[in-house]
Amino acid sequence: AIWKNDGTRCFFPTAEEQVELSWRSKKTILENLRLVEIEGYDLCACCAPHVARTGEIGAFKVLSSQSYKGGVRISYLAGKRAYLHTKAESELLQSLYNRFSANSDTLLDAIEGLSNDRDQLRQKLAEYMERDIKDAIYSSNGEPVFLEGADTNIARTLAVGYTKEVN
């Protein structure tokens with residue numbers, strides 16, 4: 001409808017016309033009913049300003065859609081807001097391409113590779129922490145052990161294990 005640049009029509013139907021028409025409305029309107037029509041697409045009750053032709057809307061970007069109370073709730077941007085949002089997304093994507101030396105075909109693989117590397121490094125760090133905590137606990141001769149920066153979950157698990165071993 002936007003590309004076709006169809007005309008719109010805003011009108012106040014007579015009581016007789018209201019009986020013949022089927023329109024969308026969030027609530028029952030008994031007087032001063034104003035309808036906006038895009039022929040072949042929509043007829044709805046609305047009191048807001050409208051474009052004369054659909055092409056005046058310009059850019060249109062759907063952000064999300066979800067089922068809602070038996071219908072569909074759509075979040076979107078139109079006109080300059082849609083353009084600016086899309087421009088910002090494009091700039092972000094371009095910076096990601098540059099940062100990861102990738103393109104649209106390889107970006108996800110590059111990010112997945114980094115994610116896997118991070119997971120492996122976390123595992124290795126946990127192993128080193130566990131070794132350091134074990135060394136500190138077993139060489140403490142029952143004295144309190146303070147480990148700066150140690151992972152609390154690993155330290156707790158090892159301390160409980162050590163306590164069970166000693167007792």
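## A first walk through the structure

1. At 71% relative accessibility, S101 counts as exposed, because a residue is called exposed when its relative accessible area is over 50%. This residue sits in the loop that runs between α2 (79-99) and α3 (107-138). Its backbone deserves a look too: S101 is not a glycine, yet its phi is positive, at about 45 degrees. Please keep in mind throughout that this is a predicted model.

2. Stay in that loop for a moment. S104 also lies between α2 and α3. With a relative accessible area of 57%, S104 is exposed. If you would like a distance to check on screen, try S104 and Q94: their C-alpha atoms are 9.5 Å apart, and the two residues are ten positions apart in sequence.

3. A second backbone point comes early in the chain. N5 belongs to the segment before β1. Like S101 in the point above, N5 is described as having a positive phi without being a glycine, and its value is about 60 degrees. How accessible is N5? Its relative accessibility is 30%, so N5 counts as partly exposed.

4. Next, the sheet. Three strands make up an open sheet in the order β1-β2-β3, and their pairing is antiparallel. The edges are β1 (9-11) and β3, each of which pairs on one side only. On average, neighbouring strands of this sheet are turned by 15 degrees against each other, direction ignored. As general background, strands of a sheet pair through backbone hydrogen bonds, in either a parallel or an antiparallel way.

5. It helps to follow the pairings one at a time. Between β1 and β2 there are three bridges, in the antiparallel sense. F11 is part of this pairing, with L35 in β2 as its bridge partner. Between β2 and β3 there are four bridges, again antiparallel. Here V36 has C44 in β3 as its bridge partner, and I38 stands opposite D42 in β3.

6. How many residues separate β2 and β3 in their hairpin? The answer is three, and G40 in the turn has a positive phi of about 85 degrees. This turn is easy to find on the model, since I38 and D42 stand opposite each other across the two strands.

7. Now for charged contacts. By the rule used here, the count comes to seven salt bridges. In general, side chains of opposite charge can pair when their charged atoms come close. One of these contacts joins R9 and E37, whose closest N and O atoms are 3.0 Å apart. R9 is in strand β1 and E37 in strand β2, so this salt bridge links distant parts of the chain, 28 residues apart. R9 counts as partly exposed, at 43% relative accessibility.

8. Another salt bridge brings together the side chains of K61 and E89, at 2.7 Å from N to O. Because K61 is in strand β4 and E89 in helix α2, the pair ties together parts that lie 28 residues apart in sequence. Both ends fall in the partly exposed class: K61 has a relative accessibility of 22%, and E89 has a relative accessible area of 37%.

9. A further salt bridge is formed by the side chains of D132 and R131, with N and O 3.2 Å apart. D132 counts as partly exposed at 41% relative accessibility. R131 is partly exposed as well, with a relative accessible area of 43%.

10. Finally, the largest pocket. It holds about 1,400 Å³ of space. Which residues come closest to its centre? Of the 33 lining residues, they are R24, K26, D42, C44 and Y76. Two of these names appeared earlier in this note: C44 is the bridge partner of V36, and D42 stands opposite I38.

11. Several strands contribute to the walls of this pocket. The elements that give two or more residues to the lining are β2 (35-38), β3 (42-45), β4 (60-68) and β5 (71-78). The largest share comes from β5, with six residues. By residue type, the lining divides into 19 nonpolar, six polar and eight charged residues.

Conventions:
Residues are numbered from 1 along each chain as its sequence is written. This is a predicted model: local features need pLDDT of at least 70, side-chain atom pairs count only at pLDDT 80 or more; totals for chains, interfaces and linings use all residues. Side-chain values use heavy atoms; hydrogens and water are left out. On a 1 Å grid over the protein atoms alone, a cavity is a set of points where a 1.4 Å probe fits but cannot get out, and a pocket is an open set with protein on both sides within 12 Å along at least five of seven lines; lining residues have an atom within 4 Å of a point. Grid points are joined across faces, edges and corners, and a volume is the space filled by probe spheres set on the points. Ala, Val, Leu, Ile, Met, Phe, Trp, Tyr, Cys and Pro count as nonpolar, Asp, Glu, Lys and Arg as charged, and the others, Gly among them, as polar. Two strands pair if DSSP finds at least two bridges between them. Axes are lines fitted to C-alpha atoms, for helices over the stretch in contact, and angles run from 0 to 180 degrees between N-to-C directions. Buried means under 20% relative accessible area, exposed over 50%, partly exposed in between (1.4 Å probe, protein chains only). A salt bridge is a side-chain nitrogen of Lys or Arg within 4 Å of a carboxyl oxygen of Asp or Glu.
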